Amino acid sequence: MPNSDEPRPAPTPTPGNGTARTSGAFIARLRRHPRATLITAGALALVLFGGIAVAAGSAVGAPATASVAVKTPIPTPTPTQTGRPAPAAAPAASIVRMCSVAELAADSRLGSFQAQVRNAATGEVLYDRGGDTASRAASVMKVLTSAAALSVLGPDYRATTTVVAGSEPGSVVLVGGGDITLSRTPSGDESAYAGAAHLDELAAQVQAAWDANPANPPLTKLVLDSSMFGGAEWQPSWDSKELWDGYMPPITALQVDGDRDNPYNNTSSRSEDPIGRAGEAFADELGGVSIERGTAPAGAATLGSVQSQPVSTLIQQSLIVSDNAIAEMLGRLVAVESGSGNSFESIQAGMLTGLADYGIDTTGIVAVDGSGLSDDNAIPPSYLTQLFMKINAREGNLGVIFDGLPVAGQSGSLSYSDRFTGDSAIADGSVFAKTGWIDTGYTLSGVIHAADGTPLTFAIYALDDVDDSAKTAIDALTAGFYSCGNTLSNL
């Protein structure tokens with residue numbers, strides 16, 4: 001018996017009258033299209049019956065020799081409308097979701113596993129494993145910090161570092177404005193932060209302004225003011241090895257190059273005194289002045305200022321390589337500008353103020369820092385999948401975040417040699433997501449342009465007893481989501 005998808009030969013015409021030939025064709029059509037042919041059969045019967053009726057009428061007509069009486073024509077009655085109801089609209093075809101990622105999700109390398117996937121076009125949850133449970137999200141926290149910064153600060157906000165006249169003759173005050181990207185490298189020489197402001201430019205402005213007033217004595221003292229940020233400089237839950245390993249500086253309103261030993265490297269050891277490092281670098285530019293700590297006098301004349309890159313650029317610099325220092329800079333500026341305070345303890349209120357504008361329930365969110373380095377942070381995966389729907393749609397200014405996301409196999413922290421390799425490379429160029437890693441967890445969250453064209457938002461957490469191999473398992477699961485698209489099963 002041939003396969004039902006194979007074409008079948010046309011029926012051989014039957015010799016004989018037209019009715020036989022028509023019946024043979026009809027049967028052949030019935031075999032192929034039973035429903036449509038039933039309608040045709042009814043019409044055929046009606047034609048045959050009508051033909052017989054016409055023939056009968058001709059046979060019983062009046063004799064030719066009889067005179068024909070003129071009769072008054074009887075009006076043809078108007079057909080009565082039966083009021084037959086219109087056929088109901090056919091129900092929309094339901095999607096059969098049989099594409100399973102169960103085997104990939106059962107990988108022991110995922111540890112304590114949580115995940116959620118949504119159809120970004122409809123908001124429908126396609127896959128959920130603990131999606132409403134708030135847990136540490138590692139550097140995926142930077143996405144929330146960025147969203148809050150776009151809301152509170154706006155994409156064009158720039159952090160400003162200023163120098164004002166000191167209260168003593170011959171003194172000036174370097175006032176930190178929260179710009180951790182300010183660089184001690186020579187102007188025209190890019191640091192790890194492309195486009196950063198430079199101390200030598202600021203020193204040139206100050207010297208020119210100072211020399212413009214003949215009454216000024218020689219510059220002899222530099223006062224360092226980092227009072228814009230308050231409280232502890234190091235979050236108590238952070239491991240101090242992050243300082244020596246080169247991933248996080250102390251958080252101060254005045255520092256240079258994210259306090260890196262090597263200003264050109266993304267990863268470089270940091271010091272325990274970023275304010276002092278910045279002061280020494282600026283004093284060298286001014287030419288051998290003494291240094292002390294203090295605050296700027298109220299109403300002091302401004303002698304010079306430089307600005308950071310805009311928030312839109314800082315967000316992209318932070319997300320693409322997961323820069324902790326910029327994320328903490330943004331988190332603290334959000335707290336200050338929102339009026340919640342200027343310390344680590346103020347970040348939670350500042351973040352929630354900024355996130356409120358997006359209309360997503362923030363229940364369960366805990367933000368003790370802006371970078372995600374702390375184990376004490378918590379975000380439900382369901383919050384991320386909803387926020388990424390808005391990011392994917394580029395609502396408001398959120399397109400800035402999408403543009404800064406690493407892309408699998410192409411850019412940032414998803415282009416490294418240990419990401420989306422082997423079979424997972426099928427999703428290269430189609431996963432736009434923020435990576436996360438701390439000692440107790442690996443995470444990934446963002447947008448997938450699935451193989452069937454469906455936009456998906458997703459969040460994956462691999463927590464607790466996990467190691468570096470969790471990244472491979474996360475990438476494989478993400479590639480599974482990519483392959484399944486809108487047919488992803490929740491089983």
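**Exercise 1. The disulfide**

Find how many disulfides the structure holds, and which cysteines are joined.

Solution.
- Apply the cut-off: a disulfide is a pair of cysteine sulfur atoms within 2.5 Å.
- The structure holds one disulfide.
- It joins C99 to C484, with S to S at 2.0 Å.
- Now place the two ends. C99 sits in the loop between α2 (34–59) and α3 (102–105), and C484 belongs to helix α13 (residues 470–484).
- They are 385 residues apart, so the pair links distant parts of the chain.
- Last, the handedness. The angle about the S-S bond is -70 degrees, and the link of C99 and C484 is left-handed.

This is a predicted model, where local features need pLDDT of at least 70 and side-chain atom pairs count only at pLDDT 80 or more, while totals for chains, interfaces and linings use all residues. Residues are numbered from 1 along each chain as its sequence is written, and side-chain values use heavy atoms, with hydrogens and water left out.

**Exercise 2. The open sheet**

Give the strand order of the open sheet, and explain why β2 and β8 each have one side without a neighbour.

Solution.
- Fix the terms. Strands (E, at least two residues) and helices (H or I, at least four) are DSSP runs, numbered from the N terminus. Two strands pair if DSSP finds at least two bridges between them.
- Read the order: five strands run β2-β1-β10-β9-β8, with antiparallel pairing.
- Look at the edges. β2 (125–129) and β8 (431–438) each have a single partner strand, so one side of each lacks a neighbour in the sheet.
- Add the twist: from one strand to the next, it averages 5 degrees.
- Zoom in on one pair. β1 (residues 112–119) and β2 share four bridges in the antiparallel sense.
- Within that pair, V117 stands opposite Y127 in β2.
- Close the hairpin: five residues lie between β1 and β2, and G123 in the turn has a positive phi of about 85 degrees.

**Exercise 3. α5 against α7**

Work out how α5 and α7 are oriented, and which residues make the contact.

Solution.
- Take the geometry. Axes are lines fitted to C-alpha atoms, for helices over the stretch in contact, and angles run from 0 to 180 degrees between N-to-C directions.
- α5 (residues 199–211) and α7 (residues 274–286) pack at about 50 degrees, with axes 9 Å apart.
- Classify the angle. Under 35 degrees is roughly parallel, over 145 roughly antiparallel, 65 to 115 roughly perpendicular, and the rest oblique.
- α5 and α7 are therefore oblique to each other.
- List the contact (heavy atoms within 4.5 Å). From α5 come L199, D200, L202, A203, V206 and Q207; from α7 come A278, A281, F282, E285 and L286.
- Sort by class. Ala, Val, Leu, Ile, Met, Phe, Trp, Tyr, Cys and Pro count as nonpolar, Asp, Glu, Lys and Arg as charged, and the others, Gly among them, as polar.
- The α5 contact with α7 has eight nonpolar, one polar and two charged residues.

**Exercise 4. α8 and its partners**

Classify the packing of α8 with α9 and with α4.

Solution.
- Start with α9. α8 (residues 311–321) and α9 (residues 324–338) pack at about 140 degrees, with axes 8 Å apart.
- That makes α8 oblique to α9.
- The contact uses V311, L314, I315, Q317 and S318 of α8, and I326, A327, M329 and L330 of α9.
- By class, the α8 contact with α9 has seven nonpolar, two polar and no charged residues.
- Turn to α4. α4 (residues 141–152) and α8 pack at about 180 degrees, with axes 11 Å apart.
- That makes α4 roughly antiparallel to α8.
- K142, V143, S146, A149 and L150 in α4 meet V311, I315, S318 and L319 in α8.
- By class, the α4 contact with α8 has six nonpolar, two polar and one charged residues.
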